[in-house]
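Here's a model to walk through together. Keep the viewer open and follow along as we go from the sheet outwards.

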Amino acid sequence: MQRLFFGIAAVFVAISGVSGNLRAQADFKPKIELKLEYKDITQQQADTLLAQATAGLAQVMTYLGKQKLEGRIIIRVADSYTIPYSKWDQPRGNRVNGEILIPGNRVRGDVRGGPQRDWGRGPAIVHEIAHIVAPSGRRDRYLDEGLGVFIQEKFSPKGDKSYPNMGYDVHEETARALNELGKIIAMSELETERNARTFGPGRKVAYLQEGSFVRYLIESNGIEKFMQMYEGGSYEAAYGKAATSIYDEWIAFIRPMMGKFRY
Ligand SMILES: [Zn+2]
């Protein structure tokens, strides 16, 4: 994991557990320490972000069956970052060591520049936590990103406007974006489409499709089967069907929504 230095400018630190208004699940206290280093945002904004991350971490660990993990995650906030981003050491046993970088404007909510619909207005902190707590280890990241988007929708606070669904229902926003793009991206093209640009409709649609597809899988068959497949199992073993035939089922699910939801 790469170290980052913050120059001479003041960096403030907050550690989970110090803040008073945490709403983590009472029955589960993660053994992962959360630390927040920030500049370019207020202390109140930092407190809110850390509380959100603390609650999100407990929920995500519980939901994904990752309660045994321990270690730490450092969240850094600064204006010098362009998009929310996370990195982590390869997990060893139950040890987690991760880092999340969040642009200051995603925390302040004053994002400017670029087409409005293509830029997230929120920190996507729960999405990034999901990456660190549950990396699939697969080379193609469509399931990882889909899980991140699904988890962000499921566990983010009310009013959160994080990329790519900006607070709208993921399936509906996917249908809107697909309408505008004029095509559905093939499963094998998602990775390429997502990585092709730093913003724009193709990238956003890729994230949305991945999120919608993972949500469809989990809501149709449960989180356990999903995790079994996600962590190295095959679609056939988990679902009794090939990946492409489940993707076709998802297309049949989303296509009728495409005329219904528009920008
Ligand atoms: Zn992601």
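In what order do the strands of the open sheet of 5 strands run? The order is β1-β2-β3-β5-β4, and the pairing is mixed. Before going further, a word on the ground rules: this is a predicted model, where local features need pLDDT of at least 70, side-chain atom pairs count only at pLDDT 80 or more, and totals for chains, interfaces and linings use all residues. Residues are numbered from 1 along each chain as its sequence is written. Helices and strands are DSSP runs numbered from the N terminus, with at least four residues of H or I for a helix and at least two of E for a strand. On that count the protein has 10 helices and 5 strands.

Back to the sheet. Strands of a sheet pair through backbone hydrogen bonds, either parallel or antiparallel. Here two strands are said to pair if DSSP finds at least two bridges between them. The edges are β1 (12–15) and β4, each of which pairs on one side only, and the twist from one strand to the next averages 20°. β3 and β5 pair in the parallel sense over 9 bridges; one place to look is G71, whose bridge partner in β5 is V96. β4 and β5, by contrast, are antiparallel, with 4 bridges, and Y85 stands opposite L101 in β5. Those two strands form a hairpin with 6 residues between them, and in its turn G93 has a positive phi of about 55°.

Now add the helices that lie across the sheet. α1 lies across β1, β2 (31–38) and β3, and runs at about 160° to β2. α3 lies across β3, β4 and β5, at about 155° to β5. For these angles, axes are lines fitted to C-alpha atoms, for helices over the stretch in contact, and the angle runs from 0 to 180 degrees between N-to-C directions.

α3 deserves a stop. How many of its residues are buried? The count is 9 of 9, where buried takes 20 or more other C-beta atoms within 10 Å of a residue's own, exposed 12 or fewer, and partly exposed anything in between, with C-beta atoms placed from the backbone. The cover over α3 includes α1 (43–63), β3 (70–78), β4 (85–88), β5 (95–103) and α4. Over the whole protein, 39% of the 263 residues count as buried.

One residue of α3, I129, shares a distinction with V60: of the 61 residues in the largest nonpolar core, these two touch the most other members. (Such a core is a set of buried Ala, Val, Leu, Ile, Met, Phe, Trp, Tyr and Cys residues joined through C-beta atoms within 7 Å.) The core draws at least three residues from each of domain 1 (1–135) and domain 2 (138–263), with domain bounds from an automatic or database assignment. Leaving aside neighbours within four places in sequence, V60 is in contact with V126, I129, A130, V133, I151 and F155; contact means C-beta atoms, placed from the backbone, within 7 Å.

Just past α3, find S136 in the loop between α3 (125–133) and α4 (142–155). S136 counts as partly exposed because 18 other C-beta atoms lie within 10 Å. Its C-alpha atom is 5.2 Å from that of E231, though the two are 95 residues apart along the chain. Not counting residues up to four places away, S136 touches L143, D144, Y230 and E231.

That brings us to α8 (residues 223–230), whose buried residues are F226, M229 and Y230. Down the axis of α8 they fall within an arc of 100°, so they line one face of the helix; the arc is that of the directions from the helix axis to the C-beta atoms. Their cover includes α4, α7 (201–221) and α9 (235–239). Just after α8, G232 takes a positive phi of about 115°.

Finally, some backbone oddities. A124, in the loop between α2 (104–108) and α3, has a positive phi of about 50° although it is not a glycine. A124 counts as buried because it has 26 C-beta neighbours inside 10 Å. M166, in the loop between α4 and α5, also has a positive phi of about 50° without being a glycine, but M166 is partly exposed, with 17 other C-beta atoms within 10 Å. P164 sits in the loop between α4 and α5 (170–181), and the peptide bond from Y163 to P164 is cis, with omega near 0°.

Methods. Contact = placed C-beta atoms within 7 Å.
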